[in-house]
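Work through the following exercises with the sequence and the model side by side. Each exercise sets a task and is followed by a solution in steps.

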Amino acid sequence: MLVQLNTLKETALQELETITDVDQLPEWHRKYLSKKGELTQVLKQLGRLSAEERPAAGQAANKVKQALTGRFQEHQDRLKEAALDQQLAKDDIDISLPGRPCHLGHLHVCTQMLRQIYQVFGEMGFQIYESPEVESDENNFQLLNIPAYHPARDMWDTFWVNDQVVLRTHTSPGQIRVMKENFPNPIRVILPGKVYRYEQVTQRSEHQFYQVEGLAVGLNIRMTDLIGVMQEATKKMFGSDRKNRIRGSYFPFTEPSIEIDMDCIFCGGSGCRMCKHTGWLEIGGAGMVHPVVLNNGGYDPDVWSGFAFGIGVERPLLLKHGIPDIRYFYGNDLNFLQQF
Ligand code: DAH
């Protein structure tokens, strides 16, 4: 039996050495070391030995088992390590390779313009106030002195949500909200935001765009305050030698109403294609808050007075950068947007 054990050990170990693939190891283990393996078969014969022979044979069998188990473990570790090395060599990860650059976005050109506007008016003490894009007919029109069926409604092509609710056609309804919330305190705010018009989208007009509304209400506010504020803003935004021009106009919510221009930033006023040879570019509408509107906001027009203005955001950008088509702003074309 000792001879048998020895031969078993030799063959098993020789066979183990020839295995080069981890997947073949379980087969070897089954063959020699499992319950039905060859070693167990030999051990079964222990019973047939005499009492004197048995201990020595038992010891020898145990040694063989230990030797086989030990070598099996070693061989398995070695093969696994080799397999891992091979895998690593194949994947060949170069951890010193610089990462792929990720593309950083930036603020939309309109947002940049808005922030510049906040900065300029912020320096003059205007707070920013936000008001909703979905508005009541009452705030968008009626309380701004534009009753139902009034012809002035034709100034704004309107998206109706239902017969009492609209997508605001301008930022002016924010004036009503600010006044109602702030009475009896003086007011100095700007109201930036998107406005909506039921309009054909063309090179020159979008159905949604930004406006910035301004409102100041106080005890002695006059037209000259309005003009001074607009001149300061124009100069800060477009250069200190800009000049303004005031024209009489009409808006239902201001009296008197004016329109404010600045001398053309391209030709300095001598006339060019950009200013359609007038020498002037339009900035926005403005005026003294109509007594009816002050009253609707809760401010007694015999005591309080105020000015308001509404300026566009996209239009000046079109001019400033010579952009030929307003639709570029919301076309999501990165080639366009990345330029700014
Ligand atoms: N809300 C006007 C519009 O969208 C612009 C405007 C004009 C606003 C005069 C004002 C203003 O506050 O005083 O056409």
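How far is an oxygen atom of the ligand from an N or O atom in the side chain of W156? The distance is 3.5 Å, and the first exercise builds on this pair. The structure is a predicted model, in which local features need pLDDT of at least 70, side-chain atom pairs count only at pLDDT 80 or more, and totals for chains, interfaces and linings use all residues. Residues are numbered from 1 along each chain as its sequence is written, and side-chain values use heavy atoms, with hydrogens and water left out.

**Exercise 1. Describe the surroundings of the ligand.**

Step 1. Begin with the polar contacts, where a polar contact is a pair of N or O atoms within 3.5 Å, and where, within protein, one must be able to donate a hydrogen and the other to accept it, residues adjacent in sequence counting only if both atoms are side-chain atoms. Besides W156, whose side chain has an N or O atom 3.5 Å from a ligand oxygen, Q175 places a polar side-chain atom 3.2 Å from an oxygen atom of the ligand, and E213 does so at 2.6 Å.

Step 2. Turn to the area covered, for which accessible areas come from the Shrake-Rupley method with a 1.4 Å probe, only the protein chains shown counting as cover for residues. The ligand taken alone exposes 360 Å², and the protein buries 92% of that.

Step 3. List the neighbours, counting a residue as near if one of its heavy atoms lies within 4 Å of the molecule. There are 16 residues around the ligand, and H170, S172, R197, Q211 and E213 come nearest.

Step 4. Assign the shell to secondary structure, in which helices (H or I, at least four residues) and strands (E, at least two) are DSSP runs numbered from the N terminus. Two or more residues of the shell around the ligand come from each of β6 (208-218), β9 (280-289) and β10 (305-312).

**Exercise 2. Decide whether H170 is buried or exposed, and find its partners.**

Step 1. H170 belongs to the loop between β4 (165-167) and α7 (173-182).

Step 2. Buried means under 20% relative accessible area, exposed over 50%, and partly exposed in between, with a 1.4 Å probe and protein chains only. H170 counts as buried because its relative accessibility is 2%.

Step 3. With contact taken as heavy atoms within 4.5 Å, and leaving out residues up to four places away in sequence, H170 touches N140, L144, W156, V195, R197, Q211 and F253. A polar atom of the H170 side chain lies 3.1 Å from the backbone oxygen of N140.

**Exercise 3. Place D137 and identify its side-chain polar partner.**

Step 1. D137 is in helix α6, which spans residues 137-140, and it counts as buried because its relative accessibility is 6%.

Step 2. The side chains of D137 and Q142 are joined by a polar contact of 2.3 Å. Residues up to four places away in sequence aside, D137 touches Q142, R153, W160, Q164 and V165.

**Exercise 4. Find which residues of helix α10 are buried, and what covers them.**

Step 1. Helix α10 covers residues 314-321, and E314, P316, L317, L318 and L319 are buried in it.

Step 2. The cover over these buried residues includes α5 (109-123), β6, α8 (223-238), β9 and β10.

Step 3. After α10 comes G322, with a positive phi near 60°.

**Exercise 5. Locate backbone features that depart from the common pattern.**

Step 1. Most residues other than glycine have a negative phi, and most peptide bonds are trans.

Step 2. F183 and P184 are joined by a cis peptide bond with omega of about 5°, and P184 lies in the loop between α7 and β5 (187-196). E255 and P256 are likewise joined by a cis peptide bond, with omega of about -5°, and P256 is found in strand β8 (residues 254-263).

Step 3. K276, which is not a glycine, has a positive phi of about 50°; K276 sits in the loop between β8 and β9 and is exposed, with a relative accessible area of 59%. N332, also a residue other than glycine, has a positive phi near 55°; N332 lies in the loop between α10 and α11 (334-337) and is exposed, with a relative accessible area of 65%.
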